[in-house]
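Please open the model in your viewer and keep the sequence panel beside it, so that each stop on this tour can be selected in turn.

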Amino acid sequence: MIMIKKFFSVALSALLLAGCTGNVKKEEAKETKEVKSYSAPTKQQFEQKYKIVTDSANNKVILDADVTYINDDMYALFELLQADKMGYIKLLGLTAAGGNALTSSVTYDVLSALEFFDRKDIPLAVGTDVPLSGFKNIDSLMAVIGKMPYVGAYSQLPKYTDNYLKAKGVTTTSNLPEPTIKPIEEPAWDFMIRQVNENPGKVTIFAIGGYTNVAKAIQKDPEFAKKAAGIVYMGGVFDVPGEALPRVEINWWYDPEAVNICLNAGWKKQLVIPHDAATTCLKGKDMYDMYKAKNTTKISQAIVDSLAPIYENGKEEFLKFCWDPITVAVYLCPDLIEKIEPREVAIERNMGLSYASCMAWFAGTGPKGTAPCDVVFKVKRDELWDFVSDLYSLQ
Ligand SMILES: [Ca+2]
């Protein structure tokens, strides 16, 4: 509103001036640009600005992710660490998934980050990077479904190790000091099952990598999903083209069998943030300016450090999509969603041209085997990045 008022007052002044002198051109009024200024909010200001719908007593979270330092999963982890610190959720722990990277690499990057950002109290359980039906021959697969320039963990397979310390400098991208903390002994699925049993009806799983770990928890305990509060997925692509192939999104492509098991496990609530949503909130210089203006924490400093070489040199990021932080933001503050629809969702598991294709029927029209989900199609882009940068800045 202030911006609009200012614009009109500038425009009015220009008109009056033009009336008096007769030599002021209209373009001069247009040249007056507003520069938005941002500053880090206090916790109280943050809570006045956003309607946070979660609290740590009732919203306990497990992050199942394919984190690398600093990819979009790390952005989501940073949000959860901040939300935990502020009492908006309780972060019960992380489980290392395959997808972008092998789990040894993910384990290294998560442990080093938890230690560096002073959260050694958050446990990490190692999961698996082997899809339920095994690794595929990637060349044969692409000969059937089409060429994908990015194949995530598959590109690390020639350097496979299940020892996370051996992954250092081989498959890891983290430049943080080597972690002294270790993963817990329980495998990812046992950790998830135990937490859901200890906190009935209160645990939400954030599945933002390949879903093999979650599928294994469901296979081991068929009541697992019913005992949880729900699941938030980053994955799928429905009403827009996929990043590389027409109907394919990499999280769901990584293990379609696991996706199918998860979708049909009987959750009370399934929230899907597909690639469609990510296309509505691309990264940009204005987003970087927000981080920079609100740089008050170790987390916001890490983000600024990682982006400065790009944006301070007038460049654009190669990858403009930033999928995973959307999941946490809309969970904490659903007002950031612009378009959400109930759909009936499925993934193609038969090998052929449309293998791993994602489909979302309109509610009430899906055939047998489709799963009811709430699908987020559009997010309020500027508000999202304002929210994320505000959250990172909270002390
Ligand atoms: Ca991810």
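In which sense do strand 1 and strand 2 pair, and over how many bridges? Strand 1 and strand 2 (residues 90-96) pair in the parallel sense, over 6 bridges, where two strands are said to pair if DSSP finds at least two bridges between them. Before going further, please note that this is a predicted model, in which local features need pLDDT of at least 70 and side-chain atom pairs count only at pLDDT 80 or more, while totals for chains, interfaces and linings use all residues. Residues are numbered from 1 along each chain as its sequence is written. Helices (H or I, at least four residues) and strands (E, at least two) are DSSP runs, numbered from the N terminus.

**The sheet**

Select strand 1 (residues 60-65), where 6 of 6 residues are buried; a residue is called buried if 20 or more other C-beta atoms lie within 10 Å of its own, exposed if 12 or fewer, and partly exposed in between, with C-beta atoms placed from the backbone. In a regular strand the side chains alternate between the two faces of the sheet. In strand 1, K60, I62 and D64 lie on one side and V61, L63 and A65 on the other, and both faces are covered. Add L91 of strand 2 to the selection, and you will find V61 standing opposite it.

Now widen the view to the open sheet of 9 strands, which has the order 3-2-1-4-5-6-9-7-8 and mixed pairing. Its edges are strand 3 (124-126) and strand 8 (358-362), each of which pairs on one side only. Neighbouring strands of this sheet are turned against each other by 30° on average, with direction ignored; for such values, axes are lines fitted to C-alpha atoms, for helices over the stretch in contact, and angles run from 0 to 180 degrees between N-to-C directions.

At the strand 8 edge, select strand 7 (residues 337-347), which pairs with strand 8 in the antiparallel sense over 5 bridges, and look for V345 opposite A360. Then move to the other edge and select helix 5 (residues 103-116), which lies across strand 2 and strand 3 and runs at about 170° to strand 3.

**Loops with unusual backbone geometry**

Between strand 1 and helix 4 (72-85), select the loop that holds I70; a cis peptide bond joins Y69 and I70, with omega about -5°.

Next, go to D118 in the loop between helix 5 and strand 3. Its phi is near 60°, a positive value in a residue other than glycine, and D118 is exposed because it has 10 other C-beta atoms within 10 Å. A positive phi, of about 70°, is also found at A356, which is not a glycine. A356 lies in the loop between strand 7 and strand 8, and it counts as buried because 22 C-beta neighbours fall inside 10 Å.

One further loop residue is T42, between helix 2 (26-31) and helix 3 (43-49), which counts as exposed because it has 11 C-beta neighbours inside 10 Å. If you measure from T42 to D239, C-alpha to C-alpha, the two are 39 Å apart in space and 197 residues apart in sequence.

**Helix 13 and its partners**

Select helix 13 (residues 285-293) together with helix 16 (residues 381-393): their axes come within 9 Å and cross at roughly 25°. That makes helix 13 roughly parallel to helix 16, since angles under 35 degrees count as roughly parallel, over 145 as roughly antiparallel, 65 to 115 as roughly perpendicular and the rest as oblique. At this contact, M287, M290 and Y291 of helix 13 meet W385, D386 and S389 of helix 16, two residues being in contact if their C-beta atoms, placed from the backbone, lie within 7 Å.

Keep helix 13 selected and exchange helix 16 for helix 14 (residues 298-311), which packs against helix 13 at an angle of about 140°, with the axes 9 Å apart. Helix 13 is therefore oblique to helix 14. Here K285, Y288, Y291 and K292 of helix 13 meet S300, I303, V304, L307 and Y311 of helix 14.

**A last stop**

Finally, select helix 15 (residues 324-332), which is mostly covered, with 9 of its 9 residues buried; among them are D324, T327 and Y331.
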